[in-house]
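Me: I should like a close look at a single part of this structure, centred on one aromatic residue. Please describe the chain as a whole in brief, and then set out what surrounds that residue.

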Amino acid sequence: NFLADTQRFAGRPVSGDQDISSIQVTANDGYGKTVTDTFTLTVRNALPVIDHPIPDQEVICGNLYSYTFPDYTFSDPDDDPLTYSVRLGNNGTLPSWLSFVPPTRQFSGTPLTGTHGDYRISVTADDGYGGQVSDPFTLAVRSAIPTVQNPINNQQAGVWYRYSYVVPATTFEDIDQDPLTFNASYHSRWSQWLNFDPETRQLSGTPKPWHFLDTSSIQLQAS
């Protein structure tokens with residue numbers, strides 16, 4: 001609006017009013033004499049803003065990852081409706097196991113064996129008028145912890161008889177199928193006679209008479 005008495009322009013542009021307007025102001029002296037001045041009024045688009053940054057995320061290989069960022073993560077000062085897109089790192093695409101649904105703002109997927117690592121993901125909000133803002137976060141895919149699938153039964157050894165036991169390969173399992181390394185610890189003051197070979201998973205040794213009736217607690221660890 002223009003108020004001639006105060007020579008004042010006033011108004012509030014709303015969403016969709018982004019434009020460049022040429023405005024003419026004419027002064028009239030009341031005796032048929034006029035002069036005109038022209039100026040340009042540019043209504044610019046206000047950029048979307050990040051109100052609540054997306055926190056870093058973490059998932060274990062083999063587990064379902066699902067995350068929906070809140071609708072209040074971004075806002076637009078013009079109240080323009082926002083659309084969303086994602087990219088990995090510098091304009092890369094998401095890994096094949098991870099999907100993103102823009103209308104619901106949901107990430108989901110199950111990281112596969114060998115996909116552990118840190119993924120830097122950027123979420124971009126677009127107001128449809130050239131205004132964009134991006135919020136990056138890190139999705140850390142962790143290797144799964146090995147588990148005991150077949151516990152080892154208690155063992156017995158005889159004095160002066162060589163004891164030998166190979167831990168079965170099926171005792172432990174790693175869902176990532178990562179190669180496992182092994183070590184053993186003993187909880188007995190007399191278990192120095194017992195040796196463990198981590199390459200072959202073999203426990204072996206010959207107990208002496210002073211080891212008679214000794215009970216050793218052996219802990220095997222896979223990593």
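Reply: The answer begins with the chain as a whole and then turns to one residue and its surroundings.

This is a predicted model, in which local features need pLDDT of at least 70 and side-chain atom pairs count only at pLDDT 80 or more, whereas totals for chains, interfaces and linings use all residues. Residues are numbered from 1 along each chain as its sequence is written, and side-chain values use heavy atoms, with hydrogens and water left out.

The protein chain has 20 strands and 0 helices; these are DSSP runs numbered from the N terminus, with helices (H or I) of at least four residues and strands (E) of at least two. Its C-alpha atoms fill a box of roughly 130 × 30 × 25 Å along the principal axes. The radius of gyration is 36 Å, where a compact globule of 223 residues would have one near 17 Å (taken over C-alpha atoms; the globule rule is 2.2 Å times the number of residues to the power 0.38). Of the 223 residues, 27% count as buried; that term means under 20% relative accessible area, while exposed means over 50% and partly exposed lies in between (1.4 Å probe, protein chains only). Among contacts (heavy atoms within 4.5 Å) between residues at least 6 apart in sequence, 62% join residues at least 24 apart.

The close look concerns F107, which is found in strand β11. A search of the whole structure finds 10 aromatic pairs; rings of Phe, Tyr and Trp (its six-membered ring) pair if their centres lie within 6.5 Å, and planes under 30 degrees apart count as stacked, over 60 as edge-to-face and the rest as tilted. One of these pairs is formed by F107 and F137, in an edge-to-face arrangement with 5.6 Å from centre to centre and 75° between the planes. F107 lies in β11 (residues 106-109) and F137 in β13 (residues 132-142), so the pair ties together parts that are 30 residues apart in sequence. Both F107 and F137 are buried.

A pair elsewhere in the chain offers a second example. F172 and F182 form a tilted pair, with 5.9 Å between centres and 45° between planes. F172 belongs to strand β16 (residues 172-173) and F182 to strand β17 (residues 182-187), so this pair ties together parts that are 10 residues apart in sequence. F172 counts as buried because its relative accessibility is 13%.

To return to F107, its relative accessibility is 0%, and it therefore counts as buried. For F137 the relative accessible area is likewise given as 0%, so that residue is buried. The aromatic surroundings extend beyond the pair, since F69, F74, Y84, F100, F107 and F137 form one aromatic cluster.

The contacts of F107, leaving aside neighbours within four places in sequence, are with Y65, S66, Y67, F69, V86, L94, L98, S99, F100, I121, V123 and F137. S66 stands 41 residues away from F107 along the chain, yet their C-alpha atoms are separated by 5.5 Å. F137, counted in the same way, is in contact with I54, P55, D56, Q57, Y65, F107, Y119, R120, I121 and V123. Y65, I121 and V123 thus appear in the contacts of F107 and in those of F137.

Proximity in sequence is a separate matter from proximity in space. F137 and A157 are 20 residues apart in sequence and 56 Å apart in space, C-alpha to C-alpha.

The backbone leading to F107 also deserves attention. R105 is found in the loop between β10 (98-101) and β11. The phi angle of R105 is near 65°, a positive value in a residue other than glycine. R105 is buried because its relative accessible area is 18%.

W160 provides a useful counterpart to R105. Its phi is near 70°, again a positive value in a residue other than glycine. W160 lies in the loop between β14 (147-148) and β15 (163-166), and it counts as exposed because its relative accessibility is 56%.
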